[in-house]
Amino acid sequence: MMHTSITHPIGDFVRSISPFPELAFGVNLLLSIIAICAVAIGTAPILIYMERKVCAAIQCRLGPMRLGYRGTLQTIADVLKLLFKEVYAPAGADKFIFYLAPMLSLTAPFLALTMIPFDYNLQVVNLSIGIPFIIAVNAFGILGMLIGGWASNNKYSLLGSLRSGAQMISYEISFALILVFIVMVSGSASLMEITQSQSGGLFQWWIFKIPGLGFIAFILFFISSTAELNRAPFDIAEAEQELTGGYHTEYNGTAFAMFYLAEYINIVLASSIGVTCFLGGYLPPLLGIESVDSLLIKIPGFIWFAAKVLFMIWAYMVVRWTFVRPRVDQLMAFEWKFLLPLNLLVLILGALYISFIGF
Amino acid sequence: MKQNKSSSTFINYWSQYAKRCITGPISLLKGLSVTLGYFFNPKSVVTEQYPENKKTLKMHDRYRGRLELIEDKEGENLCTACKLCEKACPNASINILTTKNIAGKMVLGRYLYHLASCTQCALCVEACPFGAIQMNPEFEFSHQNKDVFEMVLNQKEGRF
């Protein structure tokens with residue numbers, strides 16, 4: 001939340017009243033943690049409500065309509081139900097690892113959210129290795145799933161976790177390669193600098209800046225991040241129509257809620273990365289027309305960011321409720337025979353574009 | 001031909017691969033056009049908000065509610081008490097009690113219908129040679145007293 005270059009009213013206030021000026025650092029830390037938690041946990045119920053409404057609209061239904069105005073309180077009721085349930089582990093489960101797994105799964109998106117620039121001054125840390133950090137931290141989520149299935153003392157959970165682990169590790173390669181493409185064209189791995197490299201209007205965004213190639217890269221990012229999120233059409237791990245629940249079969253109550261929450265924060269995270277890398281982050285879509293641009297520039301950056309993220313999430317949802325699920329072998333063939341070669345081709349073409357045509 | 005086999009399968013594989021690269025996205029876009037059409041068209045919603053729209057709710061034409069005897073305004077019906085519906089009923093939900101008119105001919109006395117055991121299969125409607133009965137769109141059957149479900153469908157005795 002706090003950029004080091006600006007004087008911060010809350011930080012100044014803490015420094016003035018406290019006997020120890022070093023306390024301001026602690027307050028900053030606390031505020032950052034609270035802000036990230038508020039963003040992550042606050043969006044999850046909204047996303048669940050949105051998911052229900054979007055899927056209902058696609059399937060010619062209305063979705064939740066009874067509780068609150070058009071069913072707005074339904075999600076809160078569901079969350080309360082989950083929180084008040086008894087938490088227990090199956091007999092013979094490795095209790096410590098069993099309860100560690102959902103926490104690990106939940107930690108990963110929180111850590112990665114600290115890298116996201118929500119606005120020019122609204123970023124927890126501006127690491128120069130932001131993209132590698134996100135790729136590294138994302139693996140925590142896979143670790144949580146794997147040990148969650150392992151510790152459940154249930155062979156079906158174990159199989160489910162191994163299926164999803166294999167899928168996510170495979171798709172992480174193309175996910176990382178597409179981010180490498182962005183790092184290559186923008187010349188920086190810091191998410192703030194990637195956003196800044198797209199300033200100057202709608203057609204300076206990376207999706208449009210390199211003709212054709214940027215759009216293909218965006219589509220590839222979208223596919224690999226859908227698989228990375230374990231969402232349909234790539235939700236092999238918990239294919240609701242065919243399997244019980246994959247790795248989280250044995251989880252209930254709060255532990256299950258944590259896996260569920262991690263899933264939805266991961267959607268926010270993937271959309272944020274996509275928006276930052278391809279859709280100009282918090283920058284307004286300036287069209288080059290003076291009268292319109294002067295209006296667009298008045299809207300604060302975090303609103304543009306939220307709007308773009310919501311659009312990305314909507315696209316994920318439409319894709320989820322439209323496309324059919326591939327088999328496991330089709331999924332792997334798609335990744336290793338189609339997506340990865342195409343990713344490498346896009347990387348090579350991008351490199352050629354930079355060296356021979358340039359921007 | 002035999003020595004060309006490996007090269008022809010190679011070409012075959014790659015032509016299949018290229019074909020799938022084109023047909024795959026097209027079929028995905030077709031699916032998206034359907035779902036996006038539903039998403040942006042609020043009229044496509046088929047859900048009925050039942051207790052709220054009780055006044056305006058219209059059942060579909062082919063909905064099978066309870067059985068009724070087609071009667072005109074004076075209560076005259078077309079039933080001849082041939083008992084074909086009674087025989088067609090798989091669980092004996094229909095009982096035809098006959099009587100004799102002045103001419104001594106057997107006519108319909110009472111058309112007894114047991115709604116509680118009826119499964120709305122409409123076999124009786126298909127069996128009726130005179131088109132005297134039909135399934136009406138009524139569906140609110142809940143009642144505290146089960147005697148309500150023993151119905152007499154005809155208001156008057158039959159003429160034929």
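**Entry 1: the domains of chain B**

I started with how chain B is split up, keeping in mind that this is a predicted model. Chain B has a domain 1 covering 5–44 and a domain 2 covering 67–152. I then looked up how far apart the two domains of chain B sit, and their C-alpha centres are 55 Å from each other.

**Entry 2: the elements and spread of chain B**

Next I went through the secondary structure of chain B and found three helices and five strands. Going from the N terminus, I noted the order as α-β-α-β-β-α-β-β. Is chain B compact or spread out? I found a radius of gyration of 29 Å, while the globule rule gives 15 Å for 160 residues, so chain B is more spread out than a compact globule.

I also looked up the box that holds the C-alpha atoms of chain B, and along the principal axes it is roughly 95 × 50 × 30 Å. Of the 160 residues in chain B, 14% count as buried. For contacts in chain B between residues at least 6 apart in sequence, I wrote down that 72% join residues at least 24 apart.

**Entry 3: where the chains meet**

How many residues does each chain bring to the contact? I found 12 residues from chain B and 10 residues from chain A. On the side of chain B that touches chain A, I listed seven nonpolar residues, five polar ones and no charged ones.

**Entry 4: chain A as a whole**

Turning to chain A, I found 13 helices and zero strands. Read along the sequence, the pattern of chain A is therefore α at every one of its elements. What radius of gyration does chain A have, and what would a compact globule have? For 359 residues a compact globule would come near 21 Å, and chain A has 21 Å, so the two agree.

The C-alpha atoms of chain A fill a box of roughly 60 × 60 × 40 Å along the principal axes. I noted that 40% of the 359 residues of chain A count as buried. Among the contacts in chain A with a separation of 6 or more, 77% are between residues 24 or more positions apart.

**Entry 5: two helices that cross in chain A**

I picked out helix 10 (residues 253–278) and helix 12 (residues 301–320) of chain A, whose axes come within 9 Å and cross at roughly 115°. The crossing of helix 10 of chain A with helix 12 of chain A is right-handed. On the helix 10 side of chain A, the residues making the contact include A:Ile267, A:Val268 and A:Val275. On the helix 12 side of chain A, I found A:Phe305, A:Met312 and A:Tyr316 among them. Sorting the residues of this contact between helix 10 and helix 12 of chain A gave me eight nonpolar, three polar and one charged.

**Entry 6: two residues of chain A**

Where is A:Leu23 found? I located A:Leu23 in helix 2 (residues 23–58) of chain A. A:Leu23 has 14 other C-beta atoms within 10 Å, so it counts as partly exposed. Leaving out residues up to four places away in sequence, A:Leu23 touches A:Val14 and A:Ser18.

My last stop was A:Pro132, which lies in helix 5 (residues 130–151) of chain A. Why is A:Pro132 classed as partly exposed? I counted it so because 15 other C-beta atoms lie within 10 Å of A:Pro132, and a residue needs 20 or more to be buried and 12 or fewer to be exposed. Finally, A:Pro132 and A:Leu179 are 47 residues apart in sequence, and their C-alpha atoms are 8.9 Å apart in space.

Notes:
Residues are numbered from 1 along each chain as its sequence is written. Chains are lettered from A and ligands numbered from 1 in the order in which they are written. This is a predicted model: local features need pLDDT of at least 70, side-chain atom pairs count only at pLDDT 80 or more; totals for chains, interfaces and linings use all residues. Domain bounds come from an automatic or database domain assignment. Two residues are in contact if their C-beta atoms, placed from the backbone, lie within 7 Å. Ala, Val, Leu, Ile, Met, Phe, Trp, Tyr, Cys and Pro count as nonpolar, Asp, Glu, Lys and Arg as charged, and the others, Gly among them, as polar. Helices (H or I, at least four residues) and strands (E, at least two) are DSSP runs, numbered from the N terminus. The radius of gyration is taken over C-alpha atoms; the globule rule is 2.2 Å times the number of residues to the power 0.38. Axes are lines fitted to C-alpha atoms, for helices over the stretch in contact, and angles run from 0 to 180 degrees between N-to-C directions. A crossing is left-handed if the near helix is turned anticlockwise from the far one by less than a right angle, and right-handed if clockwise.
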